[in-house]
Amino acid sequence: MSLELVSAGESHGPALVAILTGLPAGLRLEREAIDGDLRRRQQGYGRSPRQQLETDTVEVLAGLRHGRTLGTPLALVVHNRDHVNWTWGMAPWEPQGEPSGKGTKPVTLPRPGHADLAGTLKYAHEDARNALERASARHTAVHVAAGAVAKALLGEIGIAVAGRPVEIGGVTGEDAMRAATDEARSDRDTLGGIVEVVATGVPPGLGSYATPGERLDGRLASALMRIQGVKAVEVGEGLSLARRRGSEAHDEIEPGRRRSTNRAGGIEAGVSNGEPVLARAAMKPLPTLMRPLRSVDLASGEPGQALVERSDVQAVEALAVVAEAAVAWELARAAKEKFGGDALLDFVAAHRAYLERIGWT
Ligand SMILES: Cc1cc2nc3c(=O)[nH]c(=O)nc-3n(C[C@H](O)[C@H](O)[C@H](O)COP(=O)(O)O)c2cc1C
């Protein structure tokens, strides 16, 4: 069975949930590894006070016994602690009593760059909150939890995945990135940036050129582009390859079939080639501005200023964690396709036998 993931949950609703199917039985999960990644997602210099308000932890409702997967669907829950302030506004059922707390007034001033306008038009909502609550990146929390599970599976066959921010607001280096964040905060503006994800220990042969949908580069690009705010993805040296000659763009094959360069980012013809898999994702500046852009009131048609709601200045460090999880999940899917196995033992044995066949050490 292939590895699949479905998630649900609104930003200020009661909880975020994910169901993961296709995990082999016998995989040991560490609660601390999952919670640790949830904490990493919440940290970062440009994040809003909400992140201090909520310390995310995972709850497992099904598919795990005594810390090992059962080979059955794994059900994960991350509660939204902030929901206590939204019990009326985000009540799943018809709310009882007088309106109180947050989210009681409809949002009618859509933010440029967010889901507010497109979502209200598409789904016939009168309150843009009905669109923005799900479009928000809050539910990336449960995808990060799924990514931690994927990393546990990949770890069994020696694959490690790590994401990091490389550029924020057009500058590199921690001090400059912090300074740019401080400056944007005091200007009540927002920033974007670039993150890089590297996966090591990936054997040759994940993904395929057999059908377009199997191509690993396409799958990773899709996984990264699906993250809120991501507007461009690069595999290997991607964009700059277009400006070079072939003799300076490809990775020559050395004895042992290794490469001394990795311009391709570990993928050729949609298949991993044994070098580290490397991808970058570029995020636009966040759309919620404390000094809002011009908008139009959807109820009255009058010009106005877009919704202002508690928001991050930049979320590039968080994106690095989310992108790491997305790449881990997609690599785990590709590995599960290649090596199969209802039991972890079978998955690991198939990986070992394959490496022996191709003489890859
Ligand atoms: C980890 C993370 C945190 C984010 N935090 C915010 C935020 O605080 N405020 C905001 O306006 N957008 C935030 N975004 C971006 C929006 O969710 C995103 O821009 C919006 O959903 C519209 O989607 P699009 O940018 O892909 O078109 C965040 C994105 C990520 C990945």
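The following conversation concerns the ligand site and one sheet of a predicted model.

Visitor: What kind of model is this, and how are residues numbered?
Guide: It is a predicted model, in which local features need pLDDT of at least 70 and side-chain atom pairs count only at pLDDT 80 or more, while totals for chains, interfaces and linings use all residues. Residues are numbered from 1 along each chain as its sequence is written, and side-chain values use heavy atoms, with hydrogens and water left out.

Visitor: Which residues come nearest to the ligand?
Guide: Gly229, Lys284, Thr288, Ser311 and Asp312 do, out of 18 residues around the ligand (a heavy atom within 4 Å).

Visitor: What does Ser311 do there, in terms of distance?
Guide: An N or O atom in the Ser311 side chain is 2.6 Å from a nitrogen atom of the ligand. Polar backbone atoms also approach ligand oxygen atoms: one of Gly229 at 2.9 Å and one of Asp312 at 3.0 Å.

Visitor: How much of the ligand does the protein bury?
Guide: The protein buries 86% of the 630 Å² that the ligand exposes when taken alone (Shrake-Rupley method, 1.4 Å probe).

Visitor: Turning to the sheet, what is the strand order?
Guide: The order is 1-2-6-3, an open sheet of 4 strands with antiparallel pairing. Strands are DSSP runs of E, at least two residues, numbered from the N terminus, and two strands pair if DSSP finds at least two bridges between them.

Visitor: Why do strands 1 and 3 each have a side without a neighbour?
Guide: Strand 1 (4-8) and strand 3 (58-62) stand at the edges with a single partner strand each, so one side of each lacks a neighbour in the sheet.

Visitor: How many bridges join strand 2 to strand 6?
Guide: There are 6 bridges between strand 2 (residues 15-21) and strand 6 (residues 74-79); Leu20 has Leu74 as its bridge partner in strand 6.

Technical notes. A polar contact is a pair of N or O atoms within 3.5 Å; within protein, one must be able to donate a hydrogen and the other to accept it, and residues adjacent in sequence count only if both atoms are side-chain atoms.
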